[in-house]
Protein chains: 2
Amino acid sequence: MSGHMPQPGKTILVEGGGRIPFIPPITHRIEETMARRKTITIKEVARMAGVSVTTVSNYLNGQMARMSADTREKVGKVIEDLHYQPSSAAQSMRSNSTKIIGVIVGDISNIFSSMLFGGIQKVIKPRNYSLMLLSTGNDPADENLCINKLIRQNVDGLIIQPTQDDPEAFYPIVNAHTPLVIVDGIVKATPKNAAHVISDNTPSSKAMCRELHERGYRRIVTVSETTAPTSSQLPRLEAVRHCTAKLGMEHVMLDVRGHDDAWLAERLRENAGPDAPRTAVFPLMGPLLFRTLTALQAAGLEFPGDLGLVSFDDWNWGRFIGGGVDLLQRDIDEIGRLAGESILQIIEQGHPEQTEISVPTRRIAGHSL
Amino acid sequence: MSGHMPQPGKTILVEGGGRIPFIPPITHRIEETMARRKTITIKEVARMAGVSVTTVSNYLNGQMARMSADTREKVGKVIEDLHYQPSSAAQSMRSNSTKIIGVIVGDISNIFSSMLFGGIQKVIKPRNYSLMLLSTGNDPADENLCINKLIRQNVDGLIIQPTQDDPEAFYPIVNAHTPLVIVDGIVKATPKNAAHVISDNTPSSKAMCRELHERGYRRIVTVSETTAPTSSQLPRLEAVRHCTAKLGMEHVMLDVRGHDDAWLAERLRENAGPDAPRTAVFPLMGPLLFRTLTALQAAGLEFPGDLGLVSFDDWNWGRFIGGGVDLLQRDIDEIGRLAGESILQIIEQGHPEQTEISVPTRRIAGHSL
DNA sequence: GTGAAAGCGCTAACAT
DNA sequence: ATGTTAGCGCTTTCAC
């Protein structure tokens, strides 16, 4: 206890506390700052600076060697004064490069998406690219629309978390010669020169099975929701199926599609009976950990007492739940960074340094097993 | 217990279980599907269909009345065959509309951002707009760059979670006549015809203070991290300051900027001494609840025993922590939807239906007080 | 060192 | 019902 003793009715400021400002009501309205009839073009800038559009264009593209210091200064000043902003549409129409990378994810409300996006942005923003993000709601038809939309935008590259495994879906991308990175989803065919970044689903799941066996578990209940044929839950499921069979364990597979939490609670209760073998529940992705916890709560089941619990991806909340949840944690930010680096490589060198990238999963110890 | 009794070594399929497919290694590589020398243009389509570019343009823009059924079919077929995709750049250059709405947030890794994005997309996607998302890392200079970037993109509208309260920051937007919605951040001046969507920070915080007082708490420790002068934590802080003073309570304000979790743990321990008045900790945003929980854990403090706990925004994890965390929960999706609706109104009618929108916060009962 | 002019792919006003 | 054509704002030869 360091000694200060606050007094009632007085705000104690601990660090940075002097910064509570008065929050004024909004009164002020910003009006137009310049009387402007029409949009300012390069032509206008050229006219005002008394030079040709070529010179202004050179200025914009950093070709300073192609003009005198005098001219450079003049042009710079006019651009400044006019607050001139070159039109990206016109620029990209000529240069055939938009400096935009399109990103298509299955479900933006899955935290996975925002972490992925953050990772991608981390590497591409310093390189002066922007991101256009679309979410398909895991609908293949919408995915196709999104692909075409971004192709029409003439994006310099495309990063997709695919929802369908149909090679035809990629045709528009291939035909447009657009660099492509496929992330997270499992597809059987990828375009030439595309990169594929996924987690080490199979090895990590197998290792977990072995660990559960060693810890004395004899039954694994997977909780999945495989809406897409490309879902990374499928290899995890397959690994558990394969491994449990090999180790002589039972595998109960619960797929929650179309079911509510009550249904899941009932299934879990079934698997926690007194005569059941030692059982661990294994949600195969972050949002399913959430649903599983809800169901466990509803069923009045405790872990690790009634059931063991281990999950993929807790989005960093698991440590506060019970004594901490045992985890297979993916580094989504890293997946995003690798996807971003790959797309830049393809854009700049025509091909990625690696076409198949598998990102390792970390085993985080908890007290739920 | 519904009767099935799994056998070791056998996978029990509960619902949708037959869907584990064989995951093949990637062998197939998609090659180009069409030999194409150059990009297909409207001119090319016109030539192939034996019509003029005007007719093709009319087709693209749904002006079917301006051509015979025969022509329509012919054009449609050629477009189909050639997989023709009109260039958005060229279109927007002429039409002066991009169907793109720019979104600028302070920190994409804050779940707030992805939920906001999801809400916005929910209303604008059906209206055929796309989103371009940029994250500034709460850096005002970068925010300005982002604004200019999107202005150059000629976005049809801009939604900003502002990091700075300088009216000048909005000048480029005003000058470009770009519709603007300000979200979450508190600013003293907004452009004319802009909408401002925020949470009911002050009323909800005050109500919480009164509730804490009624429950017998006599000291509130706020945990804040006010990096931006626009932070919505500031009105919350101000409300707590004002209300505690009025009710004769103590207010200890902890701002974690530049401090680690150990520091926070120590400060919390100070406020949980045996001679301390009854104290509640109040993290002012979701990520701070996370840090506070970490610190409480490190300090070996329990809630509600040692300290009461109530927080803004738990991102739906609070219910699994302890007996459930008491909350002031914002509906971020709703904030996003309102922002999206506002920007569409401004785009289409020139002004929003409401300029100042305050979204209510829900009080969710837990067992942490 | 600087400029004139030809497009990039599309839309829309104005023919026919 | 269909076609001609002038730009939208910019980049890029190619001249001077």
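The following exercises, with worked solutions, concern two DNA strands and one pair of helices in a predicted model.

Residues are numbered from 1 along each chain as its sequence is written, while chains are lettered from A and ligands numbered from 1 in the order in which they are written. Because the model is predicted, local features need pLDDT of at least 70 and side-chain atom pairs count only at pLDDT 80 or more, whereas totals for chains, interfaces and linings use all residues; side-chain values use heavy atoms, with hydrogens and water left out.

**Exercise 1. Describe the protein surface near DNA strand D.**

Step 1. A residue is near a strand if one of its heavy atoms lies within 4 Å of it. There are 25 residues around DNA strand D, of which A:I42, A:Y84, B:S52, B:T54 and B:R94 come nearest. Sugar and phosphate account for 53% of the atoms of DNA strand D within 4 Å of the protein.

Step 2. Consider polar contacts (pairs of N or O atoms within 3.5 Å; within protein, one must be able to donate a hydrogen and the other to accept it, and residues adjacent in sequence count only if both atoms are side-chain atoms). A backbone N or O atom of A:I42 lies 2.3 Å from a phosphate oxygen of the strand. By contrast, B:T54 uses a side-chain N or O atom, 2.3 Å from a base oxygen.

Step 3. Classify the residues: nonpolar (Ala, Val, Leu, Ile, Met, Phe, Trp, Tyr, Cys and Pro), charged (Asp, Glu, Lys and Arg) and polar (the others, Gly among them). The surface near DNA strand D has nine nonpolar, 13 polar and three charged residues.

**Exercise 2. Which residues come nearest to DNA strand C, and which backbone atoms approach its phosphate oxygens?**

Step 1. Of the 24 residues around DNA strand C, A:T54, A:S68, A:R94, B:I42 and B:Y84 come nearest.

Step 2. Polar backbone atoms of A:S52 and A:S68 each lie 2.7 Å from a phosphate oxygen of DNA strand C. For A:A65, the corresponding distance is 3.2 Å.

Step 3. By class, the surface near DNA strand C comprises nine nonpolar, 12 polar and three charged residues.

**Exercise 3. Determine how α10 and α11 of chain B are arranged.**

Step 1. Helices are DSSP runs (H or I, at least four residues), numbered from the N terminus. The axes of α10(B) (residues 261–270) and α11(B) (residues 286–299) come within 8 Å and cross at roughly 70°. Axes are lines fitted to C-alpha atoms over the stretch in contact, and angles run from 0 to 180 degrees between N-to-C directions.

Step 2. The two helices are therefore roughly perpendicular (65 to 115 degrees).

Technical notes: Parallel < 35°, antiparallel > 145°, perpendicular 65-115°, else oblique.
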